[in-house]
Each structure stands twice: as structure tokens, then as C-alpha cells.
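The following exercises are to be worked with the sequence and the structure at hand. Each task is followed by a solution in steps.

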Amino acid sequence: MPEQMKTTQPLSEAAIIEGVREDVASVSGRDLKDVSLDDDLFDLGILQSITLVALVVNIEKRFNFHLSIGDYNPVNFKSLRSLVQTVRRQAVQRKKSIIP
């Protein structure tokens with residue numbers, strides 16, 4: 001299970017990337033050390049429909065938010081970068097601080 005981020009502390013870009021990478025690795029059972037931020041997670045077989053559900057649960061728990069219906073778009077899950085952008089967008093909507 002992912003560790004929940006502290007909501008009172010600002011989220012750094014590095015912390016978001018690390019959390020997303022850990023969650024994707026956890027649900028896929030894959031080592032992501034050679035996966036770039038822009039690699040297509042579906043084309044590489046890292047994410048599939050069944051692992052996507054577990055990933056959403058993990059990310060929501062780690063970053064303490066629930067995805068809106070509009071976020072359930074495959075483009076938001078295509079790469080680590082798109083997942084990070086989705087988390088960042090949710091953090092801004094919840095008015096959490098983000099450190100660049």
C-alpha cells in the first residue's frame with residue numbers, strides 16, 4: 001500500500017514523480033528504472049485495464065484525493081509524465097502547495 005503524503009507539506013515535483021513511479025511499479029510488478037517519463041506505459045505492457053484500477057486506488061490514497069470523472073481519460077494514464085500532471089492538477093485544485 002502506498003504511503004499517504006502529508007497534506008500540510010508542499011509537494012515537490014520530485015516527490016510526485018517518485019510517488020507515481022512507486023505506485024506504477026507496485027501495481028505492475030515491474031522495475032521502472034529504464035522507463036522514461038514519456039514512455040507509453042500501455043505500449044510497454046506496464047499498464048493494462050486491470051492494473052489501472054489498482055493504480056487509481058493507490059494514487060488516490062497516496063496523494064489524498066479522488067479523481068474527477070473527467071480525469072478518467074486514457075491520455076492521463078499513458079505515461080509517467082501524464083500521471084504526474086494529473087496529480088499536479090488535482091493538488092492545485094485542492095490548493096496544495098507544489099514546489100517546482
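**Exercise 1. Locate valine 57 and classify its exposure.**

Step 1. In this predicted model, valine 57 is part of helix α2.

Step 2. Its relative accessibility is 43%. Buried means under 20% and exposed means over 50%, so valine 57 counts as partly exposed.

Step 3. Aspartate 23 provides a reference point: valine 57 and aspartate 23 are 34 residues apart in sequence, and their C-alpha atoms are 9.5 Å apart in space.

**Exercise 2. Describe the overall arrangement of the protein chain.**

Step 1. Count the elements: the protein chain has three helices and two strands.

Step 2. Read them in order: starting at the N terminus, the elements run β-α-α-α-β.

Step 3. Consider burial: of the 100 residues in the protein chain, 39% are buried.

Step 4. Consider the contacts between residues at least 6 apart in sequence: 62% of these join residues at least 24 apart.

**Exercise 3. Check the length of helix α1 and find its buried face.**

Step 1. Helix α1 covers residues 13–28, which is 16 residues. The expected span is 1.5 Å times one less than the number of residues, so α1 should span 22 Å.

Step 2. Compare this with the model: the end C-alpha atoms of α1 are 22 Å apart, which agrees with the expected span.

Step 3. List the buried residues of α1: Ile16, Gly19, Val20, Asp23, Val24, Val27 and Ser28. Viewed down the axis of α1, these buried residues fall within an arc of 150 degrees, so they line one face of the helix.

Step 4. Identify the partners of the buried residues: they pack against β1 (11–12), α2 (49–63) and α3 (80–93).

Step 5. Inspect what follows the helix: after α1 comes glycine 29, with a positive phi near 70 degrees.

**Exercise 4. Characterise the packing of α1 and α3.**

Step 1. Two packed helices are described by the angle between their axes and by the distance between the axes.

Step 2. For α1 and α3, the angle is about 120 degrees and the axes are 9 Å apart. Because of this angle, α1 is oblique to α3.

Step 3. Determine the handedness: the crossing of α1 past α3 is right-handed.

Step 4. Name the residues that meet: from α1, Glu13, Ile16, Ile17, Val20, Arg21 and Val24; from α3, Leu80, Leu83, Val84, Val87 and Arg88.

Terms used:
Residues numbered from 1 in each chain as written. Predicted model: local features only at pLDDT ≥ 70, side-chain atom pairs only at ≥ 80, totals over all residues. Heavy atoms only, no water. Helix = DSSP H or I, 4+ residues; strand = E, 2+ residues; numbered from the N terminus. Buried < 20%, exposed > 50% of the residue type's maximum accessible area, 1.4 Å probe, protein only. Arc of directions from axis to C-beta. Contact = heavy atoms within 4.5 Å. Axes fitted to C-alpha atoms, helices over the stretch in contact; angles between N-to-C directions. Parallel < 35°, antiparallel > 145°, perpendicular 65-115°, else oblique. Left-handed = near helix turned anticlockwise from the far one by under 90°.
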